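Visitor: I am new to this protein and would like to be walked through it with care. Could you show me the model before we begin?

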Amino acid sequence: MHPVPLETHPHQDPLNMTPEQCAEQLDAHPDFRVLRRLPQRDVFQVAPASAPVARGVVLDTETTGLSSDHDRVIELGMLLFEFNPVTGEVYRIVERFDRLEDPGRPIPPETIRVHHITDEMVRGQRIDDAEVERFLRGVQVVIAHNAAFDRPFVEQRWPLFENLLWACSLRDIDWSAEGFGSAKLEYLLYTQGVFYDAHRAETDCQALLDILSRALPNSQKIALLSLLETLNQPQTRVYAINSPFETKDQLKLRGYRWDGDMRCWHRTLSGAQALAEETAWLKKRVYGERKAVIEVETLGGSVRYSNRSGQKERVAI
């Protein structure tokens, strides 16, 4: 649904114009682009009576730091929303959740500068586990914009998150192929003429759901549908075991990351075709057509983006 543009008045006295009329005037000029504040809305569109309806959660956390092993969640924001699992259309926000929690230690100044949550704001507060469990009841998918960060934190605090399917709007949508120069949430909204006050959990959730409700520019798919389709694709992590040292630059350019525990390079892929193509590339470019063994880890929706391991097997190539 698209808002009807306001009528512009080229000769109207600027002193008598509303802010929206001024914005319309600037929008019509080729040298200006106008940003509007993210609207606070609960209804995106009305679900047809015959439409299938599923429930999902958009989630964001603010924490004391970057390590889920040592740092703690200090804010949990969630939006429970209804959507069409076939078309990806977002219908409405059913309920909002935004709670603070005392981590039991001082919040580092460098993280306060990011999210502006102080020790005084969280002192003595505790997120109710039963309330979190009730909020997640009947949810088909949890979505975060960088699930690899948020999921380990919430699983450490609330193990029930381990049993849910997760999707990552940062990595599971090919933003580059859709013509975007960055996948940062703020940038994605800027391209749509929208800005918001970032780095508080519920506001970030609202921003993400707004983006997911929109059609992608090249594929013309609703962003949420593009995301949901990845849940049906097998995701695998390939470990280039015993790769020659001189191939490290090729691996890095290919998108591989170094695993310090296994002491090898790895890359995560989606789909059987991508795995077959990657295996052929490794055999030719890394192992020089010699016999080699790689490790393949299968990551289902209930494991991927967590710190837990999937099913692993050694594969000869």
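What follows is a conversation about the sheets, the helices packed on them, the salt bridges and a surface patch.

Visitor: What kind of model is this, and which pLDDT do local features need?

Guide: Residues are numbered from 1 along each chain as its sequence is written, and side-chain values use heavy atoms, with hydrogens and water left out. This is a predicted model, in which totals for chains, interfaces and linings use all residues, side-chain atom pairs count only at pLDDT 80 or more, and local features need a pLDDT of at least 70.

Visitor: In what order do the strands of the open sheet with mixed pairing lie?

Guide: Strands here are DSSP runs of E with at least two residues, helices are runs of H or I with at least four residues, and both are numbered from the N terminus; two strands pair if DSSP finds at least two bridges between them. The edges of this sheet are held by β4 (90-100) and β6 (166-168), each of which pairs on one side only. The five strands of the open sheet follow the order β4-β3-β2-β5-β6.

Visitor: Which residue in β4 is the bridge partner of Gly77?

Guide: Strand β3 (residues 73-83) pairs with β4 in the antiparallel sense, over nine bridges. In β4, the partner that bridges to Gly77 is Asp98.

Visitor: At about what angle to β2 does helix α5 run?

Guide: Angles run from 0 to 180 degrees between N-to-C directions, with axes fitted as lines to C-alpha atoms, for helices over the stretch in contact, and contact means heavy atoms within 4.5 Å. Helix α7 (residues 201-212) also packs on this sheet, where it touches β2, β3, β4 and β5 and makes about 30° with the direction of β3. Helix α5 (residues 147-157), for its part, lies across β2 (54-63), β3, β5 (141-144) and β6, and its angle to β2 is about 85°.

Visitor: Why is one side of β9 and of β12 left without a neighbour in the sheet?

Guide: The strands of this other open sheet, five in number, are ordered β9-β10-β8-β11-β12 with antiparallel pairing. Neighbouring strands in this sheet are turned against each other by 35° on average, direction ignored. One side of β9 (257-259) and of β12 (311-316) has no neighbour because both strands stand at the edges, each with a single partner strand.

Visitor: Which residue of β10 is the bridge partner of Ala240?

Guide: Strand β8 is joined to β11 (residues 293-299) by five bridges, with Tyr239 standing opposite Glu295 of β11. Six bridges join β8 to β10, and these two strands run antiparallel. In β10, the partner of Ala240 is Trp265.

Visitor: Which residue in the hairpin of β9 and β10 takes a positive phi?

Guide: β9 and β10 pair in the antiparallel sense over three bridges, and Trp258 has Trp265 in β10 as its bridge partner. The hairpin has four residues between its strands, and the residue with a positive phi, near 55°, is Arg263.

Visitor: Is Glu75, which meets Arg200 in a salt bridge, buried or exposed?

Guide: A salt bridge is a side-chain nitrogen of Lys or Arg within 4 Å of a carboxyl oxygen of Asp or Glu, and the side chains of Arg200 and Glu75 meet in one at 2.9 Å, N to O. Arg200 lies in the loop between β7 (194-195) and α7 while Glu75 lies in strand β3, so that the pair links parts of the chain 125 residues apart. Residues count as buried under 20% relative accessible area, as exposed over 50%, and as partly exposed in between, with a 1.4 Å probe and protein chains only. Arg200 is partly exposed at 27%, whereas Glu75, at a relative accessible area of 1%, is buried.Visitor: How many residues apart in sequence are the parts tied together by Arg157 and Asp129?

Guide: The side chains of Arg157 and Asp129 meet in a salt bridge at 3.0 Å, N to O. Arg157 lies in helix α5 and Asp129 in helix α4, so the distance in sequence between the parts that they tie together is 28 residues.

Visitor: About how much accessible area does the nonpolar surface patch with Leu35 have?

Guide: Patches are made of residues with over 30% relative accessible area and no salt bridge, where like charges are joined within 9 Å and nonpolar side chains (Val, Leu, Ile, Met, Phe, Trp, Tyr) within 5 Å. Leu35, in the loop between α1 (19-27) and β1 (36-37), is partly exposed at 41%. Together, Leu35, Tyr187 and Tyr190 have an accessible area of about 270 Å².

Key: Accessible areas come from the Shrake-Rupley method with a 1.4 Å probe; for residues, only the protein chains shown count as cover.
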